[in-house]
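Here are my notes on the structure, set out as numbered points. Please read them with the sequence and the coordinates open.

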Amino acid sequence: AQLAALDIARINGPLYVGFGRDDSIVPPQHWSAVDEQVTKHRKPVQIEVHPGAEHGYMLRGPRYLASAAEAS
């Protein structure tokens, strides 16, 4: 349902998708849906899952995880 808002077919250029292993907002069951959509639309993508990272791990603040943010 959440992916309905994403129009992956209209995205031009390579994609990077980073998931936090401990993300309660975008849990693991959603990850395969992203992979299915980029495969369906033949989009070049790099998908990474960052151990210990929560949702918003790239933003400076309480959930920031340098190792994940710098890898992204």
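1. W31 is a convenient place to start. With a relative accessible area of 12%, W31 counts as buried, because the cut-off for that class is under 20%. Note that this is a predicted model, and the values below are computed from it.

2. W31 has an aromatic partner, F19. The count of aromatic pairs comes to 1. In that pair, F19 and W31 are stacked, with ring centres 5.2 Å apart and an angle of 25° between the planes. The pair ties together distant parts of the chain: F19 belongs to strand β1 (residues 15-20) and W31 to helix α1 (residues 28-40), a separation of 12 residues. F19 is also buried, at 6% relative accessible area.

3. The overall fold is quickly described. There are 2 helices and 2 strands in the protein. Going along the sequence, they come in the pattern β-α-β-α. Along the principal axes, the C-alpha atoms fill a box of roughly 35 × 25 × 15 Å.

4. Next, burial and surface for the whole protein. Of its 72 residues, 24% count as buried. The exposed area is about 5000 Å², and carbon and sulfur atoms supply 52% of it. As for contacts between residues at least 6 apart in sequence, 60% of them join residues at least 24 apart.

5. On charge, the protein carries 7 positive and 8 negative charges, and the mean positions of the two sets are 8 Å apart.

6. I47 deserves a look alongside the aromatic pair, since F19 is on its contact list. The residue sits in strand β2. Leaving aside residues up to four places away in sequence, I47 touches V17, F19, V34 and D35. Is I47 buried, exposed or partly exposed? Its relative accessible area is 33%, so I47 is partly exposed: the value falls between the 20% and 50% cut-offs. The C-alpha atoms of I47 and S67 are 16 Å apart, with these positions 20 residues apart along the chain.

7. H50 is also in strand β2, but H50 counts as buried, at 6% relative accessibility. What does the side chain of H50 make a polar contact with? The partner is the side chain of Y16, at 3.0 Å.

8. H50 leads on to A68, which lies in helix α2 (residues 66-71). Residues up to four places away in sequence aside, A68 touches H50, A53 and Y57. A68 is buried, with a relative accessible area of 2%. The C-alpha atoms of A68 and D7 are separated by 26 Å, the two residues being 61 apart along the chain.

9. K43 should be checked by eye. This lysine lies in the loop between α1 and β2 (45-50). Is K43 buried or exposed? At 18% relative accessible area, K43 counts as buried, because the value is under the 20% cut-off. A polar atom of the K43 side chain lies 2.7 Å from the backbone oxygen of I11. Apart from residues up to four places away in sequence, K43 touches I8, A9, I11, N12, L15 and V38. I11 therefore appears both in the list of residues touched by K43 and as the backbone oxygen beside its side chain, given that contact means heavy atoms within 4.5 Å.

10. R42 is in the loop between α1 and β2 as well. What is notable about the phi of R42? R42 is not a glycine, yet its phi is positive, at about 55°. R42 counts as exposed, at 75% relative accessibility, whereas K43 is buried.

11. Last, S24 in the loop between β1 and α1. With 67% relative accessible area, S24 is exposed, because the value is over the 50% cut-off. The C-alpha atoms of S24 and P44, 20 residues apart along the chain, are separated by 26 Å.

12. For a second look in the viewer, I would list three places. They are the stacked pair of F19 and W31, the polar contact between the side chains of H50 and Y16, and the loop between α1 and β2 that holds K43 and R42.

Notes:
Residues numbered from 1 in each chain as written. Predicted model: local features only at pLDDT ≥ 70, side-chain atom pairs only at ≥ 80, totals over all residues. Heavy atoms only, no water. Helix = DSSP H or I, 4+ residues; strand = E, 2+ residues; numbered from the N terminus. Buried < 20%, exposed > 50% of the residue type's maximum accessible area, 1.4 Å probe, protein only. Areas by Shrake-Rupley, 256 points an atom, 1.4 Å probe, with all protein chains shown as cover. Lys, Arg positive; Asp, Glu negative; His and termini not counted. Charge placed at Lys NZ, Arg CZ, Asp CG, Glu CD. Phe/Tyr/Trp six-rings, centres within 6.5 Å; stacked < 30°, edge-to-face > 60°. Polar contact = N/O pair within 3.5 Å; in protein donor to acceptor, adjacent residues only side chain to side chain.
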